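Got the sequence and the model open? Let's go through how the pieces fit together, one question at a time.

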There are 2 protein chains.
Amino acid sequence: MSIRLLTASAVALGLVAFTPAAHAQDAATVQQAIVVRDAAMRSNIAMDYVTQLTTRFGARPAGSRSEQQAAAWAADYLRANGFQNVRIEEFPLVGWERGESSAAIVGDNAQALVAAALGHSPATPRGGVEAEIVRFSTFEDLQAAPEAAVRGKIVYVDLGQMHPMQDGSGYGPQTRVRGAGPGVAAAKGAAAFVMRSVGSDEDRMPHTGTTRYVDGKPTIPAFALAAPDADQVSRLVALRQPVRMRLTSTARTYRTTSQNVIGDLPGATRPDEIIVLGSHMDSWDLGTGAIDDGAGGAITVAAAKAIADSGRRPARTLRVIFYGSEEVAQPTAQTGNGGGVYARGQGATLDKHIIAGESDFGADRVYALRLPAGAQGSDFQKAATRVLYPIGVLASDRVETEGGVDVGPMGPLGVPFFGLAQDGTRYFDLHHTANDTLDKIDPAQLNQNVAAWAGLLWLIADSDVDFRAMKPATTPATPTR
Amino acid sequence: MSIRLLTASAVALGLVAFTPAAHAQDAATVQQAIVVRDAAMRSNIAMDYVTQLTTRFGARPAGSRSEQQAAAWAADYLRANGFQNVRIEEFPLVGWERGESSAAIVGDNAQALVAAALGHSPATPRGGVEAEIVRFSTFEDLQAAPEAAVRGKIVYVDLGQMHPMQDGSGYGPQTRVRGAGPGVAAAKGAAAFVMRSVGSDEDRMPHTGTTRYVDGKPTIPAFALAAPDADQVSRLVALRQPVRMRLTSTARTYRTTSQNVIGDLPGATRPDEIIVLGSHMDSWDLGTGAIDDGAGGAITVAAAKAIADSGRRPARTLRVIFYGSEEVAQPTAQTGNGGGVYARGQGATLDKHIIAGESDFGADRVYALRLPAGAQGSDFQKAATRVLYPIGVLASDRVETEGGVDVGPMGPLGVPFFGLAQDGTRYFDLHHTANDTLDKIDPAQLNQNVAAWAGLLWLIADSDVDFRAMKPATTPATPTR
């Protein structure tokens, strides 16, 4: 009887379920993870997926016909690549369409400006809004401003250019303004809200992105200026007061549906233990969503496929989810984003979700692995370092606590997260702009992502690692000379 | 009576000691910090200091005559710039001199290699060491190797090139090998130890750095190869076995002294409350210690001087310390490094050390402010953001716990730390090599450092902020779209 037949019989008899689970740090597990990693590095699945997705469907706004069609296509793509139990989880959504918009300085120094309406901002009245600008250079200054300084005016917030950082940390301070700024301005009686684009480029191309509802209602018309136009307006305000601006927008919301696409590679011996690989299907309307987040779908599906093609199925189930509707705010938190829909729909099975990770930061290389607090200094972290360090991924001393917008809702329900941190130095040059197109993806860096995901996932999927049971080590870090 | 005379009289009468202390977040304090920041940005002190230091004294190895002379000169520099109570704190040290060294492949494929002895490694026997190489690609593999595989051989550890990262996190995994590798190899009977340089460049220039004593004794002769030579040796080992290497070193240790140079700008109203601005005076012998750490001294002295020149003395004392002997390991922890000497010498006055920071990461721009855990989300952090964000420095969600090698010894004694994190992307191209010279400093980035230090220090020095009393906030971070 050959080894192969013996194995097949053992599976048939259900014997393998009694095989003791391997540790991630076992030499054989690490060695197989390295084999999977190197095969993944040579895979062409990621580039194929993102090329097809962005070419066939272009922009995929949440709830749009193109997002729906892309989801149906992606489900077929999963089936064609051997995923099982492929399903589409539909949910209602308030969609948003940009329509037409314009921005211009009027009166003295009249000139057109390059701007984009912010996602889920309301239309201007027919004929537009025209008013004097009041400029703020920090969000706190806007918050502290008296109503009299703002009422009837167009609030303009310019924090200066976003600072590019490897870890993308320049984004947070700026995006806060985009989310909450229009609401703060509206509460003080502003006529409209304008801000510098949240981006690190100097292209004449605005960055859109969502703004928030307040008490379930839209606030005021809101726009982002391209960086050169933001410079221009700030210079004009410094030169002379008052500066008047005119804004138009025909944006509208509508009732529609979005959907999560879910496919499994069932585990060989413990299929009820699930590892979630997340990304999102929707994109902003200006580009084709190649880096945000076609790349994430490409990386996760290719990593799972590399494991499936390795000749041996790991013990646990790998679940790829293309979440619907990540990009947009909704009137209430209980509707309309795929991450929340999935988490609420799982119920008690979340207890069997071993860990979740999300790829949603472009296609540039992974440089660090972040694990749950308990895994710091663990044998698992050391095993992962053996697999990932040779391809440039360091074990980070930062703990992964958030997961990301899509997998995040599982966190309060007890699911641990990992993060494979990608280099974000140029991500915000392109993010949410018309420039987010396929050509921006470097295939070599894309595949380094696939390799990092595949190698790491093998260690988790074919071992007994239990992140919930791990307790943080207490050895403090010491400075190095 | 003019305002000026009133103030002068109040000082004379000691009345100002009863002035209620300002909060860092008070508008006037923030405004003055911005004024100080902008003046610091235009200062020429930092470039003057590091130019004079590196030109006059060149390399400044710990305990060398040039380090001693540089310390005396720096004390005069502080006095000439208005610092008070300038003093030199001398301490005994085991010094190390490189002497002559060589490395070569011998036998088949004989060729010379570019290498440097590691700091505090012992000499080879006269005539050198010649033996077969045994190569390891991880530190763990060396630790796990049986004695029989290592005894009598030259251990060669090549982790592959260090990965450049903005936060310098690629350094830790590699420098561990340099510190502990020779000891591990010696315990298994190795004849000598060789490693790939800890560096991110491909210049044919080795990176030195210290290795550690074991039980107070030196281990075995130890060397770092330049990256192209490390590539070469690893290729040779892959091509054929055995590869033989010959190493010579006349390195020696000697008894000497080093010293800390300390100068104060006494606080106007609470001079017993001290803020430490640290850097180190010693350098490696191969370069002139411009980025490591002439720049740190330049940044800290220029920041303090910008505050002194602002026309108003802050409430608290600013203490600049040029620490001696940062770079080298010593036979025991209780001797020979300036940071430990200072901390142990202070005794109870450490209770009045408000906070300490250290500049020891080159001269490239500051991108993040790290504060003690209790200051996360605090009014102080918000005030600092108002001062620092406009010059590209973000409030980090990373807590500063280590301080650095020099100020670090004060941590266990209760002194909080701040960190102004510098961009480390190119730092390890130059670090500990002959290439660490003045021309590598970008004056604009150097002065951005000075501005960040000066603005931050004003907020701390002229307010009542008490980092020991601050408790961490509990609001969790949430992912952003």
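Q: Which residue of chain B comes closest to the rotation axis, going by C-alpha?
A: This is a predicted model, and a rotation of 180° with 0.0 Å of shift along its axis puts chain B onto chain A. Looking along chain B for the C-alpha that comes closest to that axis, at 3.1 Å, you land on Gln166(B).

Q: What kind of axis relates chain B to chain A?
A: In general, two copies of a chain are related by a rotation about an axis and a shift along it. Here the shift is 0.0 Å, the rotation is 180°, and the superposition has an RMSD of 0.0 Å. That makes the relation one of a two-fold axis.

Q: Do the copies meet through the same surface or through different ones, and what percentage tells you?
A: On the contact count, 38 residues of chain A face 39 residues of chain B. The interface residues of chain B largely turn up again as interface residues in chain A, so the copies use the same surface, and the share is 97%.

Q: How much area is buried between chain B and chain A?
A: Carbon and sulfur atoms give 55% of the buried area here. The side of chain B that touches chain A has 12 nonpolar, 15 polar and 12 charged residues. The total buried between the two chains is about 3,200 Å².

Q: Which element gives the most residues to the side of chain B that touches chain A?
A: Two elements of chain B give two or more residues to that side, α5 (139-144) and α7 (171-187). The one that gives the most supplies 5 residues, and that's α7(B).

Q: How far apart are the closest N and O atoms in the salt bridge of Asp141(B) with Arg386(A)?
A: The chains share 11 residue pairs in polar contact and 4 salt bridges. One of these bridges pairs Asp141(B) with Arg386(A), and its closest N and O atoms are 2.4 Å apart.

Q: Within chain A, what distance separates the centres of domain 1 and domain 2?
A: Domain 1 of chain A is made of two stretches, 27-96 and 254-462, while domain 2 covers 101-250. Each domain puts 28 residues into the contact. Taken over C-alpha atoms, their centres are separated by 33 Å.

Q: Which three residues supply 31% of the area that domain 1 of chain A buries against domain 2 of chain A?
A: The two domains bury about 2,000 Å² between them, with 59% of it on carbon and sulfur atoms. On the side of domain 1 that touches domain 2, there are 12 nonpolar, 9 polar and 7 charged residues. No other three residues supply more of domain 1's buried area than Trp96(A), Ala329(A) and Phe428(A).

Q: Which residue forms a salt bridge with Asp167(A)?
A: Between the two domains of chain A there is 1 salt bridge, next to 11 residue pairs in polar contact. For Asp167(A), the closest N and O atoms of the bridge are 3.2 Å apart, and the partner is Arg398(A).

Q: Which residue does a cis peptide bond join to Gln241(A)?
A: Omega is about -10° for this bond. The partner is found in the loop between α8 (227-239) and β9 (244-249) of chain A. In chain B, a cis bond joins Gln241(B) and Pro242(B), and in chain A the partner is Pro242(A).

How values were computed:
Residues are numbered from 1 along each chain as its sequence is written. Chains are lettered from A and ligands numbered from 1 in the order in which they are written. This is a predicted model: local features need pLDDT of at least 70, side-chain atom pairs count only at pLDDT 80 or more; totals for chains, interfaces and linings use all residues. Side-chain values use heavy atoms; hydrogens and water are left out. Domain bounds come from an automatic or database domain assignment. Contact means heavy atoms within 4.5 Å. Buried area is the accessible area (1.4 Å probe) that two parts lose on being put together, summed over both. A salt bridge is a side-chain nitrogen of Lys or Arg within 4 Å of a carboxyl oxygen of Asp or Glu. A polar contact is a pair of N or O atoms within 3.5 Å; within protein, one must be able to donate a hydrogen and the other to accept it, and residues adjacent in sequence count only if both atoms are side-chain atoms. Ala, Val, Leu, Ile, Met, Phe, Trp, Tyr, Cys and Pro count as nonpolar, Asp, Glu, Lys and Arg as charged, and the others, Gly among them, as polar. Helices (H or I, at least four residues) and strands (E, at least two) are DSSP runs, numbered from the N terminus. Copies are superposed by least squares on the C-alpha atoms of residues with pLDDT of at least 70 in both.
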